[in-house]
Amino acid sequence: MAAAEPKPPAGAATARRLARSCWSAFWDYETPKVIVVKNRRLGVVYRLVQLLILLYFVWYVFIVQKSYQDRETGPESSVITKVKGITSSEHKVWDVEEYVKPPEGGSVFSIITRMEVTPSQTVGTCPESVRVTNATCGSDEDCVAGHLDMLGNGVRTGRCVPYYHGAFKTCEVSGWCPVEDGASVSQFLGKMAPNFTILIKNSIHYPKFQFSKGNIENQENGYLKRCTFDEVSHLYCPIFKLGFIVEQAGENFTELAHWGGVIGVIITWDCDLDLPASKCNPKYSFRRLDPKHIPASSGYNFRFAKYYKVNGSTTRTLIKAYGIRIDVIVHGQGSFLCDWILLTFMNKNKVYSHKKFDKMVDAPERGAGPGPCASQDSTLTDPRGLAQL
């Protein structure tokens with residue numbers, strides 16, 4: 001009796017069937033079947049959905065967002081400022097060299113409107129300020145010699161001495177004396193400050209589109225000496241009165257001058273560069289930047305000192321200045337017709353395409369003629385340039 005032939009494994013048979021099925025399906029031809037449903041209600045819904053999609057692209061994408069344009073945000077910018085005016089306090093007349101800090105004319109500067117002046121400070125010993133924590137004392141035992149308080153005015157000597165005024169005592173310190181609270185004199189400079197004029201010269205550049213413009217137009221000589229900013233009649237005369245800036249920011253000038261604050265002058269350059277350059281104009285807005293409704297951090301002040309010699313001894317005048325700080329902030333967006341439209345629809349699209357894309361062709365060997373697939377383009381040597389656009 002002949003031996004039975006072995007049966008192939010079941011897995012191999014399954015794999016062969018799958019391979020035959022895939023090979024057969026590879027040569028199949030498929031075509032979609034379209035079913036037309038004669039239903040007015042369903043047809044209305046279908047057309048409404050199509051209309052909504054069309055409106056979305058036409059109104060939102062093209063009209064609102066202008067997605068057919070290429071964009072560049074954050075222009076390169078320079079700001080130069082200059083303040084003019086004089087004012088007076090109870091003791092003297094002040095000019096711009098004294099009340100503007102720093103004097104360089106940058107995009108951030110302060111106009112001092114009130115000062116607390118501590119004159120004739122010298123290095124010595126004197127009572128500590130009563131505002132310093134644990135500065136009040138009843139006897140020398142309350143004052144630790146050599147103790148240095150980071151918020152104080154000097155190193156404690158270990159003595160408890162009478163204060164500048166009143167019946168209480170504070171610990172004696174070694175430092176600049178008298179301390180600020182003991183002999184300061186307040187001077188208000190805000191009497192004429194609303195009439196100070198501020199020139200804000202701004203230039204912007206969009207490098208992607210090679211577009212530049214400034215906020216001062218070419219005018220006849222002397223124009224800037226007799227104009228002030230007006231949004232309608234003098235848009236390109238960027239000379240602002242300080243009182244106008246504070247008013248536009250919605251602030252009370254007297255209160256702001258007394259405690260100080262930070263005002264932002266925001267210049268916005270949103271330019272549609274498809275239009276003439278005359279349509280690209282700056283827009284100015286003003287608002288207060290510091291948190292005036294938080295008592296712990298409202299207001300603005302800083303300190304500086306003026307040093308001089310008296311009988312060979314170094315003496316200084318300490319000034320705590322309250323003022324209006326001006327921050328000039330420039331931002332904007334430039335937009336231009338995108339490359340796809342230039343390459344597709346413009347009459348000179350071939351010229352633009354030649355200048356947009358450089359085709360690099362290997363140089364043929366010496367003595368050899370052009371191959372059958374050699375490019376006939378002359379894009380790298382085309383003398384016509386973009387002037388044909």
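Let's start with Leu48, which sits in helix α2, the helix running over residues 40-64. Keep in mind that what we have on screen is a predicted model. Leu48 has 47% relative accessibility, so it counts as partly exposed. It also has company: together with Val44, Leu51, Leu52, Leu54, Leu55 and Val58, Leu48 makes a nonpolar surface patch of about 650 Å².

Now let me step back to the whole protein. There are 8 helices and 17 strands. Of the 389 residues, 33% are buried. The exposed area is about 25,700 Å², and carbon and sulfur atoms supply 57% of that. On the contact side, take the contacts between residues at least 6 apart in sequence: 66% of them join residues at least 24 apart.

Next, the cysteines. How many disulfides does the count come to? The count is 5 disulfides. If you number the bonded cysteines along the chain, the pattern reads 1-6, 2-4, 3-5, 7-8, 9-10.

I'd like to walk you through three of those links. Cys126 is joined to Cys177, with an S to S distance of 2.1 Å. The angle about that S-S bond is -75°, a left-handed link. Cys126 belongs to strand β6, residues 108-127, and Cys177 to strand β9, residues 169-177, so this disulfide ties together parts 51 residues apart in sequence. Are these two cysteines buried or exposed? Cys126 is buried at 5% relative accessible area, and Cys177 is buried too, at 9%.

Strand β9 comes up again in the next pair. Cys143 and Cys171 form a disulfide with their sulfur atoms 2.0 Å apart. This pair links distant parts of the chain, 28 residues apart: Cys171 is in strand β9, while Cys143 is in the loop between β7 (136-137) and β8 (154-162). The torsion about their S-S bond is about -90°, and therefore this disulfide is left-handed. Both Cys143 and Cys171 are buried.

The third one is for the torsion fans among you. Cys271 is joined to Cys280, S to S 1.8 Å. Here the angle about the S-S bond is 40°, and the link is right-handed. Cys271 and Cys280 are both buried.

One last cysteine before I hand over. Is Cys22 buried or partly exposed? Cys22 has a relative accessible area of 48%, so Cys22 is partly exposed.

That's my tour, and I'm happy to rotate the model for anyone who wants another look.

Terms used
Residues numbered from 1 in each chain as written. Predicted model: local features only at pLDDT ≥ 70, side-chain atom pairs only at ≥ 80, totals over all residues. Heavy atoms only, no water. Patch = residues over 30% accessible without salt bridge, like charges linked within 9 Å, V, L, I, M, F, W, Y side chains within 5 Å. Areas by Shrake-Rupley, 256 points an atom, 1.4 Å probe, with all protein chains shown as cover. Salt bridge = Lys/Arg side-chain N within 4 Å of Asp/Glu carboxyl O. Helix = DSSP H or I, 4+ residues; strand = E, 2+ residues; numbered from the N terminus. Buried < 20%, exposed > 50% of the residue type's maximum accessible area, 1.4 Å probe, protein only. Contact = heavy atoms within 4.5 Å. Disulfide = S-S within 2.5 Å.
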